[in-house]
Amino acid sequence: MVNSGFLNGLDNKKDSIAKMTHFLAEKGMGEGGVQYKMKDWAFNRQRYWGEPIPIVHCPDCGLVAVPYEELPLRLPEVENFEPGQDGESPLAKIDSFVNCKCPKCGKDAKRETDTMPQWAGSSWYFLRYIDPHNDEALADMDKLKYWGPVDWYNGGMEHVTRHMIYSRFWHRFLYDIGAVPFKEPYLKRTAQGLILGPDGVKMSKSRGNVIDPNEVVDVYGADVLRTYVLFMGDYEQAAPWSESSVKGCKRFIDRLWKLQDMTTDGEEYSSELSSAMHKTIKKVSEDIEAMKFNTAIAAVMTLLNQIYDKGSINRAELRDLLLIVNPFAPHVTEEIWQNMSFGGMLNEAEWPSFDEAKTVDDTVEIVLQVMGKVRSRMVIPVDMAKDEVLALAKEDEKIKELIDGKQIKKEIYVPGKLVNIVAI
């Protein structure tokens, strides 16, 4: 901020706004506030399908609630669902439903003919799933305590934000009246990011950048589409559609299929792939739980490269590889499973376990620097002592050539990462 009086020198927007707000309040010219993007909840709909709003319009008493003993107020059976005149609900045409008596004064009155939105039912339906046949209460309290609250709420970004606010509002009311035993409806919330068009903009028919998933399935198959959508980026971030990346996932599925021709006997992991198998199973298991599907698939791709470098895979390795790929490509893995006669259905098989000790490398590659510039690399045991590492580094041919005849001022070793020698 320059040429702005008392704001001069501030280098970020947040501090500038805070100082200006304080200035305006001090001068009596304004005050700070909070802006919300959420708009008021438009709760009424002019359509037949929806929960009737239990309100009666009385010319004398005004708005009167339908008595508790008359609830639930049910929709009348109708044949014509067409909207009424002037935008009215179809219910407005049904005199037997509309005309009633005021619950308070007994005079002629009319029912509310708008219905509730889909948000009304979707704000609490998960509670009813806990005890769907109970005709005495919303749900049995013991069952609610056993099953609730919801562990994990996941949905689309544009939907889940509003719906979570609405359903949380609804749930807090139910909690206040003692209908549910837990205060919050959900323990955790996540949302998947949008898939943008190839142009990096939100898909829209008007923009002409919509990708039809059915067309992708027709060309590449459902497993390729599924794998790509999970691989294209961080699950919670928006990502643009990439045709070349779809083709890359097709190659991955093709390579997986070809493993059937490279399979040898063996009921235990081979020495060449043992560490890689345990590491990949651990990585995929943890990443799936953390919804890091893209990095889980990347880890499988890396393992697949190692298998192709080796030139073969035994039955034990293929069996467990199919298990960890199955969540991403269920159709092709199930078919390979049947072709290889592994027994039963893959989707019913137990998830493979890993040995933690075998996920830790015995050796590590470190870079060798002279004056901060990378000049060479070497592989060392992970537990090698510092003095031994430095001595070995100075024996490296490229390093020896650069420091020969020079005075070594400093030797730096960052365990498992690098050696830097300062020599003049």
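**Strand E1 and its neighbours**

Let me start with one pairing: Ile-55 has Ala-65 as its bridge partner in strand E2, where strands are DSSP runs of E of at least two residues and helices are runs of H or I of at least four, numbered from the N terminus. Please keep in mind that this is a predicted model, in which local features need pLDDT of at least 70 and side-chain atom pairs count only at pLDDT 80 or more, while totals for chains, interfaces and linings use all residues. Residues are numbered from 1 along each chain as its sequence is written, and side-chain values use heavy atoms, with hydrogens and water left out.

E2 covers residues 62–65 and runs antiparallel to E1, to which 4 bridges join it; two strands pair if DSSP finds at least two bridges between them. The connection from E1 to E2 is a hairpin of 3 residues. E1 is also joined by 2 bridges to E4, residues 108–111, again antiparallel, and there Val-56 has Arg-111 as its bridge partner.

Which side chains of E1, residues 55–58, are buried? Val-56 and Cys-58, which point to one face, are buried, whereas Ile-55 and His-57 point to the other face and are not; buried here means under 20% relative accessible area, with a 1.4 Å probe and protein chains only.

Turning to the whole protein, there are 15 helices and 14 strands. Its radius of gyration, over C-alpha atoms, is 33 Å, well over the 22 Å of the globule rule for 424 residues (2.2 Å times the number of residues to the power 0.38), so the protein is more spread out than a compact globule. The C-alpha atoms fill a box of roughly 110 × 75 × 50 Å along the principal axes, and buried residues make up 36% of the 424.

Methods
Buried means under 20% relative accessible area, exposed over 50%, partly exposed in between (1.4 Å probe, protein chains only).
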